[in-house]
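Hi,

Here is the structure I promised to send over. Have a look at it first, and my notes follow underneath.

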Amino acid sequence: MLLIPCPWCGPRAETEFSCAGEARARVADGEGLDEQAWADRLYGRDNLRGEAAELWWHVHGCQQWLLVRRDTLTQSVHSAVPVLAAAADAGSGLVEGGTATTAARESGAGQADPWTDGPSPGAPR
Amino acid sequence: MSGWRLPAGGAVDRTRPLAFEFDGRAYSGFEGDTVASALLAAGVRVVARSFKLHRPRGIVGLGWDDPCALLQVLAPAPAPNVLATTLPLQDGMRLRSVNAWPSAGFDLGGVADALHALLPAGFYYKTFMAPRGAWMFYEHWIRRAAGLGRLPEAAATVPVQRRFAHAEVLVVGAGPAGTAAALALARSGQRVIWADDAAAPGGVLAGSSSAHADEDAQTRAWITAATAEIDACPNVRRLARTLVLGRLDHGFFYALERRADGLERLWKLRAPQLVLASGALERPMVFPDNDRPGVMLASAVRGYLHRHGVAAARRLVVHGASDDALACALQAQAAGIEVPAWVDTRERVPEALRERACAAGIAVIEGAGIVGVTGRHGVQAVDVAPRRGGCPQRIAADGVAMAGGWSPALHLLAQLDGRLHWSAPHQAFLPGELPPGVQVAGSAAGCADTAACQRSGEAAAQAVLQALASPMSRPSPATPPGAQGSEPLPLEGQGEQDPGSEPVYALPPRAQHRAFVDWGHDVTAGDIALAHREGYVAVEHLKRYTTLGMAVDQGKTSNVNGLRLMASLRGLTPGEVGTTRFRPPYVPLPFGTMAAEDVGDLVRPVRETPLTAWHLAHAAVMYESGANWRRPGYHPRPGETLAQAAQREARAVREAAGLYDSTPLGKFELRGPQAAELLEAVCANRVADLAPGRGRYALLLREDARVFDDGVVFRLGPEHFWLTSTAGNAAAVHGWLEQARQWHLRAAGAFVTDVGAQWATLVVCGPRAREVLQGAGCTLELDAAAFPFMAVREGAVAGVAARVFRVSFTGELSFEVNVPASRGRAVWQALWDAGQALGLQAVGSEANHILRVEKGYLSMAHEVDGIATPDDLGLAWAVKMDKPFFFGQAALRRLRAACPGTPPRPELVGLRPLDDGGPFEEGAQLLPARAGAAGSRVRGRPGPVSAQPGERPEGFVTASVHSPASGHAVALALLEGGRARMGEPVRVTAQVSGGLRLRAAEVCAPVFFDPRGERLRG
C-alpha cells in the first residue's frame, strides 16, 4: 500500500489516487513517421526498471495531478510535484511524444523520502 | 489413553469446567484451554486425517505451527478448517474432524494410505491421462476427494470490524526481546503499537517454568512489571491477541485481533519502523513414521505442560539433535511423565548434559536415530538404531518429543524486501542485511538465552530511535545481535553443536517414503528425493512439484527441513538452495475477514438519484447501470412483460410525452479565461464560437482518434461552459479533463467542477412536452422561436430555479430540466401531475434504447467500442480538422490518409430483416450474401462462423429492437465499408440449439424514423 506524498494533503494511501501511468507529453504530430514509430509514439511506454516518472491524480483529495518519481524496483517514492507547479519551475521541456522521465531526472532533487528519511516536515499528522 | 491432565499447574482455571463435543463424543476442559489441549487432556489421540493419504494424525504443535489439527466448528460460530491449537475452548462447543468419514478415529478414506506407493508427489502429472475422454469421470471423483471442511450454510452474523492505527514504530512480539524494545520505545515518547498473538505478554515464557526455573521466573516478573509500565504510557497502543499477518510497502501492516468476547478486528497499521521480535519456530525431526499421533514438537510438550497443565504422554521418548531435547525431558519428568530415553543423532552429546540426563535416570542413546514407530492410531513403541547401522532396539513409549532446532520466524521481514542468510552454527536462516525501517531482535535474530534477547530488544529500540531522530540520513541498520564483532550466539540450548552434524540424516530409500517432512500435504523425504531425481531441484520447483510448504501451515515446520534435504542431495548448503518467496498473510484467513465490514449491500454500494424512491413506488424494475447507478429499466403495468412495457413507453414518447430521470449523466461546469481553450483541445468539435445560451454535440476522442465519450457542450457565459458526458464515463471524463488541463495544457486559468450530483436532471420529451412544462408552471417561453433546439434558458419550473437545455437523446422535442438535486423529487412530481391528463408516461432505459436505435443515435456500450473512430460512426461532420489542435487530431489525420485500407474499416449502418424473425441478437455476425443461401443452417458447434471456405464475418450487430414507429424490427450494425453497400443483402447469424442459423437482412441507412430530425427541431 504505497504512500504518495501529496504536497497539499500530506502522505496519503494510494487508494486515494488514480494512476495514469508513465508521464508522457501529448501526441500532436505524426508527420513522416512509419507505422512502427507511430505505434510506439501512441502506445509505447518506456516501462523503466528503477526510477520512473508517473502521473497520479489525487482524485479523492485535492484533485491535483502529480508528477511522481517512483522507483519501480524498491517502490520508494522520491517526490510528488503538482504538474502545474512543475511546469512553472522546470519549463515544459518535454520531447514531443516522449516520456517525462528524462525531464524528471534532470529537474531538481525532489522532497525527502518519508519512508527512509522520517516524516516529511510540515506533513500533517 | 495417552495424554492426561496434571493434578495442578498450568494457566487454566480449574474452577470453570467447559463441556464440548468432538466427533459426536462429549469431553470437558477448563477455561483457558485451547481445543487441542482439552483433547490432549482427555486422551484423544487421533484428531484429524491427513490430506492425501488419510493417515491418522494427532496434535503436533502448540499454536500456528501445527500442520494437521484442522477441525470443523459446528457451534457456536460455524467455520471450516479452524486450527485446534489456536482455538480457545468455549462452553458448548461442537466440533468435527475434517477430511474423514465417518470420523477421524475410523475413516474409510484410510484406504488411500495403502496405495501410498501409487501416490507420491506429483502423481497427478503422470496419471488420469487415459483413456482420453475419461477425464470428466476422473474429475468427478477427484473433486469429491479434494478440499477440506465444509462452508457454513449461513453467513457470519457479526462482521469483522476494520480499524486503523498510525504510529512511529510497530513492535511485533511480547517475549523478552519484544518487551524490552517496547519498554525502551514507550519511555522515549514515540508513538508505539505493540502487537502480540497471545492474550498476555511473555512469548515462549508465558506460563512456563523451565529447567531454569529461577531465571525464567525473574524474567516473567520483569515482563509483567514492564507491561504495567507500558500500559500506563499514553503513547503506546498494546494489541493483545493480535497476529500481524503481512508487511506491505511503506510501513503498512495488517493484523487480526481476536478478542476474548469473540469479536474480530482487522487492523490496518502504518508505522515507518518495525521491531520484529517474533520468536522462532521449532523444527521436527525427519524419521520414518514421524507423523504418528503422539509424535509432537518438544516445545509443544513443554507448552502444554506449563500453559494448560496437560501431559502429552505417559512414557515419552525425546529425540533431538540439540540440547532442547534434554530440557524437555527434564521438565516432562518433573511433571510426572516417564522418560525412558533420549535419542540424539550427535555422536557425542556435551558431557554436562549427559551427566544431568544420567542423574535423572534417562538413557542417553547417542549417534542414533529412530527408524520406526509402531502404532497406527497412536505411538506404542519406538525403534531406535545407530546411525552407522545396526540392530534396532524397541522402546515402549506412547509419545515422542522432537527437538530439531529452531528456525527464526522471519516472515514479516522476508515478505517485502528482507534478505535471509543461512547460518551454519544455528542451522537456520537468520536475517541478512536489514532493509531500512526494520530491526530484528530476540530469538528471531538468533539470540540464545533470555538475557541476550533482552539486550537485543533494547539495541533494536535504540536503532529505531536513532532512525526517527535523523530523518535525512539513511540509518545504518543495527548490526544483528551477536554479530557485533563476535561469533553469533547459538540458539538456546544448542551449545557446541557440531556444525557438520546433520539432524536430517540419510535414510534408506524405502524408509524415505514414510519419513514425513510436510505433514500438511503428506510430503515425505522420498518425495524430495523424487523431485531431485526428476530435475526439480530449484527451490521454487521443489515447492510446487512436491507441494512442500503449500499446505495450511504454509511450511512453518516443513520448509527448512525440506530445503536441508534438497541441499544435501545437491551437495550445497541450504543457503545456496535458498528459500521460496514469502507472501502474506502469515496464516490463512477467510475472505470474509479481509472484507471486514464490506459485506452484503456494502460490497458494491449502488448510487441512487432523488427519483429512485419514486420509481420503486411506481413498480419500476431497476437495473444496475454503469458507474454503480441503479436506474429504472421499465415500469410494467400489471400483467405486462418487459417487451410490452418498453414498447408502450416508447410509443408514449413518440405520440404524447415521456418523463425520465437523467441525473446520472456526467455534468461539468468549466470556468475561467482558459476554459474555452481547454474545451477546444478535448473536443473534436468547435466550442469557442458558441454564442451565449447555445450548445452543440460534443465529441471527445482519445489520442489514437478512437471515440472516448460524447455529450453536449453549452456556453452559459463569456467564461462559463457546461459539458455533459455519459453516465458510465463521468469519472473517466473528469479525470481526462483535469489531466488535459493540468498536465497537457498547463491551463491554470481554467477550472473544472464536477456538478453531476448537484443537479437533478429531468427530461420531458415528446410532441406534448411543451404542454407538460407549461402545466407544471414553467416561467420560460417555450416556443421554437424563443427557445430553439440546442439552446439553454434559465428560469423556474414549479417554483424551483432551473436550467433547461433543449437537447434530445430520443429524437423527439425534448427539454432537459436541471434543478438542484434536493428539489428534484418535487419538480418531478409537478411534471408528472401536469402530464397525466396529456398521456405522460415514465420512461425507463429499455424504452430509451428503442428510441435511440430508431434514430441511429450512438450508445457507449454498443457502437462505441473503443476501436471505432468518428469516421466509422458517421460523425465526421462533428470533427473540425482545421482547428489548431485537439486530442486525436494527429491520429485521425493519419487514419484518413491511410484510407481505404484492406479490409475496409467497419462503418455504422442500419439493418432491416427480410424475414419475420424479430430483432437480431446483439453481437450477431454479418456474412456477405450468397445467392440462394439465406435461411440455411450452419452445422457444427457454435463458434466463429465460416459458412464457406474463404468467407469471413464482415461486421456485427450492435443493437436491435422492435421499432414501434415503423412496426418491424430494426438494427444498427458495424459493417466493413458499410456506407458503400446500401441496399445490399447480408446474412446475419442467429444462435439456435446445436448451431447457428443464418437470417437475411438488407443494409440501409442507420436511421429508421424522422431522418431529417424535424421533430426534435420543431
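To start with a detail: which residue just after helix 13 of chain B takes a positive phi? That residue is Thr547(B), with a phi of about 60°. Please keep in mind throughout that this is a predicted model.

Since we are at helix 13 of chain B, here is the rest of what I have on it. The helix runs over residues 539-546, and its buried residues are Val539(B), Leu542(B), Lys543(B), Tyr545(B) and Thr546(B). The cover over these buried residues includes strand 32 (523-524), helix 12 (525-533), helix 14 (559-570) and helix 15 (574-577), which also belong to chain B.

Now to the interface. On chain A, 41 residues are in contact with chain B, and 38 residues of chain B take part from the other side. The size of an interface is often given as the accessible area lost when the parts come together. Here chain A and chain B bury about 3,300 Å² between them, and 58% of that is on carbon and sulfur atoms.

What about polar links between the two chains? There are 12 residue pairs in polar contact between chain A and chain B, counting pairs with both residues at pLDDT 80 or more. On chain A, the elements that each supply at least two residues to the side touching chain B are helix 1 (35-43), strand 4 (51-57), strand 5 (65-71), helix 2 (83-90) and helix 4 (114-117). Helix 1 of chain A gives the most, with four residues. Sorted by class, this side of chain A has 25 nonpolar, eight polar and eight charged residues. One salt bridge is found across the interface: Arg894(B) meets Glu35(A), at 2.8 Å from N to O.

Over all chains, the structure holds 56 salt bridges. Three within chain B may be worth displaying:

- Glu366(B) and Arg354(B) form a salt bridge whose closest N and O atoms are 2.6 Å apart. Glu366(B) sits in the loop between strand 22 (363-365) and strand 23 (368-374), while Arg354(B) is in helix 8 (residues 351-359), and the two are 12 residues apart. Arg354(B) counts as buried because its relative accessibility is 15%, under the 20% cut-off.
- Glu854(B) and Arg654(B) meet at 2.9 Å, N to O. Glu854(B) is in helix 23 (residues 845-855) and Arg654(B) in helix 18 (residues 642-655), so this salt bridge ties together parts of chain B that are 200 residues apart in sequence. Both Glu854(B) and Arg654(B) are buried.
- Glu907(B) and Arg979(B) form a salt bridge with the closest N and O atoms 3.6 Å apart. Glu907(B) belongs to strand 46 (residues 906-913) and Arg979(B) to the loop between strand 50 (969-976) and strand 51 (985-992), so the pair joins parts of chain B that are 72 residues apart in sequence. Glu907(B) is buried at 16% relative accessibility, whereas Arg979(B) is partly exposed at 41%.

There is also a network of salt bridges in chain B, linking Arg55(B), Arg57(B), Asp113(B), Asp289(B), Asp291(B), Arg292(B), Arg376(B), Arg514(B) and Asp522(B).

Finally, the cysteines. How many disulfides does a search of the whole structure find? The count is zero over all chains. Cys233(B) is buried, at 16% relative accessibility, and Cys1004(B) is buried too, with a relative accessible area of 7%.

Best wishes

Methods
Residues numbered from 1 in each chain as written. Chains lettered and ligands numbered in written order. Predicted model: local features only at pLDDT ≥ 70, side-chain atom pairs only at ≥ 80, totals over all residues. Heavy atoms only, no water. Contact = heavy atoms within 4.5 Å. Buried area = accessible area lost by both parts, 1.4 Å probe. Salt bridge = Lys/Arg side-chain N within 4 Å of Asp/Glu carboxyl O. Polar contact = N/O pair within 3.5 Å; in protein donor to acceptor, adjacent residues only side chain to side chain. Nonpolar A, V, L, I, M, F, W, Y, C, P; charged D, E, K, R; others polar. Disulfide = S-S within 2.5 Å. Buried < 20%, exposed > 50% of the residue type's maximum accessible area, 1.4 Å probe, protein only.
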